[in-house]
Amino acid sequence: MAAERTILVTVQLDPRFSKGGARWSLEDEAGELKELTMSSGGRVVGEVTAQRHEPVAGTFLGTGKLEEIAQMVAQLQGQVVIFNQELSPAQQRNIEEIVRVKTIDRTQLILDIFAQRAKSQEGKVQVELAQLRYLMPRLVGKGVMLSRLGGGIGTRGPGEQKLEVDRRRVRTRIARLDEELDKLGRRREATRSHRKETQVPVAALVGYTNAGKTTLLNRLTGASGTAQNQLFTTLDPLARRLRLPSGETIIVTDTVGFLHHLPHHLIEAFQATLEEARDADLLLHVLDVSHPLAVEHARAVEEVLATLKLQEKPIITILNKCDRLSDLQSVASLEHAYAPSAVISAKTGQGMEQLFAQLTRQLDLLLIEPVQLRVPSESSELLAAIYQSGQVLKRDDVEGMVELTARIPAKLRAATLPYLHS
Ligand SMILES: Nc1nc2c(ncn2[C@@H]2O[C@H](COP(=O)(O)OP(=O)(O)OP(=O)(O)O)[C@@H](O)[C@H]2O)c(=O)[nH]1
Ligand SMILES: [Mg+2]
């Protein structure tokens, strides 16, 4: 199929209405939408941006803006309009009636990419399920949308009947896929519990899409997963054994990439894939430090980890693609802010010794039981030392005191003893 002529619509809402997105400029949002579209194989022929206080209930954008989009579609022979936001089924339908071509939102765009990439049986089932669940509430009414689904435009009667059949078919299919996923999940569970029995620690690579997770896995373990400069290359995670220079063996698993504003039901759809991360003893957060939005990416990843209740796992932040930086000075502050961290290039192999050392140290700490500490906030040197060589699992700042749950290496035992708190 030839690449569809696509018109992009990037809307930025008042930060109060778009959770956590305040630091992304309109240009950043538009840039990411373009990358996603190209990753899905679309051809961008036109772009529209808009800023709004809040969405219009029925049409998301105002009439004027929608007319502008309709004109652009006509002039540039656009075949599809893509929004960077989530649209309700009604909004989607109403917009399609005005712009006269198929209109898709951010969720559907990501689902399309996922559908192209999924290779394993489980991945395919997960994507199809998410697609059907997305489709279900949209199987109503009339319009361009319906004709795309094979229903008839115009006469209401037959269309409605057809719809009922469609809906029933979709429901049956969802039930069957649910069962299949269950079965596949049990098989995966068996593999994982086998790994647990053998007591090999598991480290899961997590991070923003395109950060270099697969490239790093390949370098670490000589695996040959596909790494590409496009978003969401990996949907089906690989797991490989790695023998560290210190002699320890660990299993490293790849995972699906994260994105900011990852639609909620996509996270749900990928729970199974992310179980690799949930079961891991250690998370390796790969961050592309050469990206101008690196800090924003890191925050988006932290948000997803929090949603998955994984933020308290031990994390090593891997500051990747350092070969692209002209001066390593700029990365020094990140190295400090994200400690324990390692500056590397998965491409050239630079910094791998530092990463191995961090891995070994964190694995050693895994064997130490966490303790509770209450340290005065002004003891900044001790706090820094705990962060540098210990492993902070939880932190609360309460009235001039810092309450920590942390694993403390032997050399800090004495210094922290007075602050032990049960
Ligand atoms: N210059 C440079 N490029 C890198 C480095 N690591 C990865 N890349 C490139 O970055 C792109 C993305 O790498 P991947 O390994 O596919 O990234 P990923 O995190 O697995 O991405 P998804 O699977 O899409 O989430 C590829 O073009 C890699 O060649 C690095 O250290 N330096
Ligand atoms: Mg990958």
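**A three-stranded sheet, two nonpolar cores and a buried threonine**

Val371 stands opposite Ala406 in strand E13, a convenient place to enter this predicted model. The pair belongs to the contact between E11 and E13 (residues 401-407), two strands that run antiparallel and are joined by 6 bridges. Ala406 appears again on the other side of the pairing scheme, as the bridge partner of Val392. Here E12 and E13 are paired, also in the antiparallel sense, over 7 bridges. These two strands form a hairpin with 2 residues between them, and Glu399 in the turn has a positive phi of about 40 degrees.

Taken together, the strands make an open sheet of 3 strands in the order E11-E13-E12, with antiparallel pairing. Strand E11 (371-376) and strand E12 (391-398) each have a single partner strand and stand at the edges, so one side of each lacks a neighbour in the sheet. On average, neighbouring strands are turned by 25 degrees against each other, direction ignored. Helix H14 (residues 380-389) packs on the sheet and touches E11, E12 and E13; the direction of H14 makes about 25 degrees with that of E13.

Attention now turns to the nonpolar interior. The largest nonpolar core has 43 residues, and those with the most contacts inside this core are Leu36, Ile82, Phe114, Phe232, Phe258, Leu259 and Leu283. Several elements supply at least two residues each, including helix H1 (26-39), strand E3 (80-83), helix H5 (121-135), strand E5 (202-207) and helix H11 (294-307). Helix H4 (106-117) is also among them and gives the most, with 5 residues. In general, nonpolar side chains of soluble globular proteins tend to be buried together.

Phe232 offers a closer look at this core. Leaving aside neighbours within four places in sequence, Phe232 is in contact with Leu36, Ile110, Ile113, Phe114, Arg117, Thr209, Val256, Gly257 and Leu259. Apart from the largest core lies another, of 23 residues, among them Ala211, Leu220, Leu242 and Val252.

A final detail concerns Thr221, which is placed in helix H8 (residues 213-221). Thr221 is buried, with a relative accessible area of 18%. A polar atom of the Thr221 side chain lies 2.8 Å from the backbone oxygen of Leu217. Not counting residues up to four places away in sequence, Thr221 touches Arg240, Arg241 and Leu242; Leu242 is itself one of the residues of the 23-residue core.

How values were computed:
Residues numbered from 1 in each chain as written. Chains lettered and ligands numbered in written order. Predicted model: local features only at pLDDT ≥ 70, side-chain atom pairs only at ≥ 80, totals over all residues. Heavy atoms only, no water. Core = buried A, V, L, I, M, F, W, Y, C linked by side-chain atoms within 4.5 Å. Buried < 20%, exposed > 50% of the residue type's maximum accessible area, 1.4 Å probe, protein only. Helix = DSSP H or I, 4+ residues; strand = E, 2+ residues; numbered from the N terminus. Contact = heavy atoms within 4.5 Å. Pairing = 2+ DSSP bridges. Axes fitted to C-alpha atoms, helices over the stretch in contact; angles between N-to-C directions. Polar contact = N/O pair within 3.5 Å; in protein donor to acceptor, adjacent residues only side chain to side chain.
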